[in-house]
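Please examine the sequence and the structure shown below. The paragraphs that follow lead through them step by step.

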Amino acid sequence: MITFSILVGVGIIAFSIALTSAMIVVCIDLLDHIDKGRIRVIGSFSKTVVLTAITCWLVTGFLFVSLIWAWLYLYLGDFQEFEPAFYFSLISITTVGYGDIILTSDTRLLAGFQAADGFILFGLDTAFLFEVVRRLRG
C-alpha cells in the first residue's frame, strides 16, 4: 500500500502543479494584454478588480485540487460522505491538520502528500500574486 500511496500522491501533485501552471498562464496572458495596452487598467479600483479576479481564479484551482483529493479519499473508503472528506482535504492541503480526523494506516501517507501539494501550490500562487502586484504597480 505504501507504493500505491506514493504513486497516487506524486501523480496528483503532478496534476495539480500542471493545473495551477495552466491557470497561471491564463493570467499571464491577461497581464500581457494589460502591459501592451489592449486592456486599460487605470486607477486603484481597476487594479483592485484585476487582483481580486486573479486571486479568485487561483483559489478556484486550489479548491478543485482539494476536491480531487476528497474524491480520492471517498473512493478509497476512508469516508462514507463527501462533506467530511472535503473537510479533511481542506485541512490537509492547508497544512492546518487539526487531528480531529485520522485516516486509516493504509492511506494516511496520502495526507502527507496532500500537505506537500498544498505547500507547492501556495508557493506557486503566492509567487505569481507578487508578480501580478509588481506588474500592476509598473
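The model is predicted. A convenient place to begin is the end of helix α1, which is followed by Gly37, a residue with a positive phi near 85°. Helix α1 itself comprises 34 residues, from 2 to 35. At 1.5 Å a residue, this helix should span 50 Å, and its end C-alpha atoms are 48 Å apart, so the expected span and the model agree.

Which residues of α1 are buried? They are Ser5, Val8, Gly9, Ile12, Ile13, Ser16, Thr20, Met23, Ile24, Cys27, Leu31 and Ile34. These buried residues pack against two other helices, α2 (43–75) and α4 (108–137).

The discussion now turns to the interior. In soluble globular proteins, nonpolar side chains tend to be buried together. The largest nonpolar core in this model has 19 residues, and within this core Trp69 and Tyr73 touch the most other members. Helices α1, α2, α3 and α4 each supply at least two residues of the core. The helix that gives the most is α2, with seven residues. A second, separate core consists of eleven residues, among them Ile24, Leu31, Ile34 and Leu58. Of these, Ile24, Leu31 and Ile34 also appear among the buried residues of α1.

Trp69 merits a closer look. Which residues does Trp69 contact, leaving aside its neighbours within four places in sequence? The contacts are Gly9, Ile12, Ile13, Ser89, Ile93, Leu110, Phe113, Gln114 and Asp117. Gly9, Ile12 and Ile13 belong to the buried residues of α1.

Aromatic rings form a further part of the picture. A pair of aromatic rings is described by the distance of the centres and the angle of the planes. A search of the whole structure finds six aromatic pairs. In one of them, Tyr73 and Phe79 meet edge-to-face, with 6.3 Å from centre to centre and 70° between the planes. This pair counts as edge-to-face because its angle is over 60 degrees. Both Tyr73 and Phe79 are buried. Ring pairs also link Trp69, Tyr73, Phe79 and Phe88 into a cluster.

Finally, consider a residue of helix α3 (residues 82–93), namely Glu83. Is Glu83 buried or exposed? Its relative accessibility is 56%, and Glu83 therefore counts as exposed, since the cut-off for that class is over 50%. Glu83 and Gly123 are 40 residues apart in sequence, and their C-alpha atoms lie 27 Å apart in space.

Technical notes: Residues numbered from 1 in each chain as written. Predicted model: local features only at pLDDT ≥ 70, side-chain atom pairs only at ≥ 80, totals over all residues. Heavy atoms only, no water. Helix = DSSP H or I, 4+ residues; strand = E, 2+ residues; numbered from the N terminus. Expected span 1.5 Å × (residues − 1). Buried < 20%, exposed > 50% of the residue type's maximum accessible area, 1.4 Å probe, protein only. Contact = heavy atoms within 4.5 Å. Core = buried A, V, L, I, M, F, W, Y, C linked by side-chain atoms within 4.5 Å. Phe/Tyr/Trp six-rings, centres within 6.5 Å; stacked < 30°, edge-to-face > 60°.
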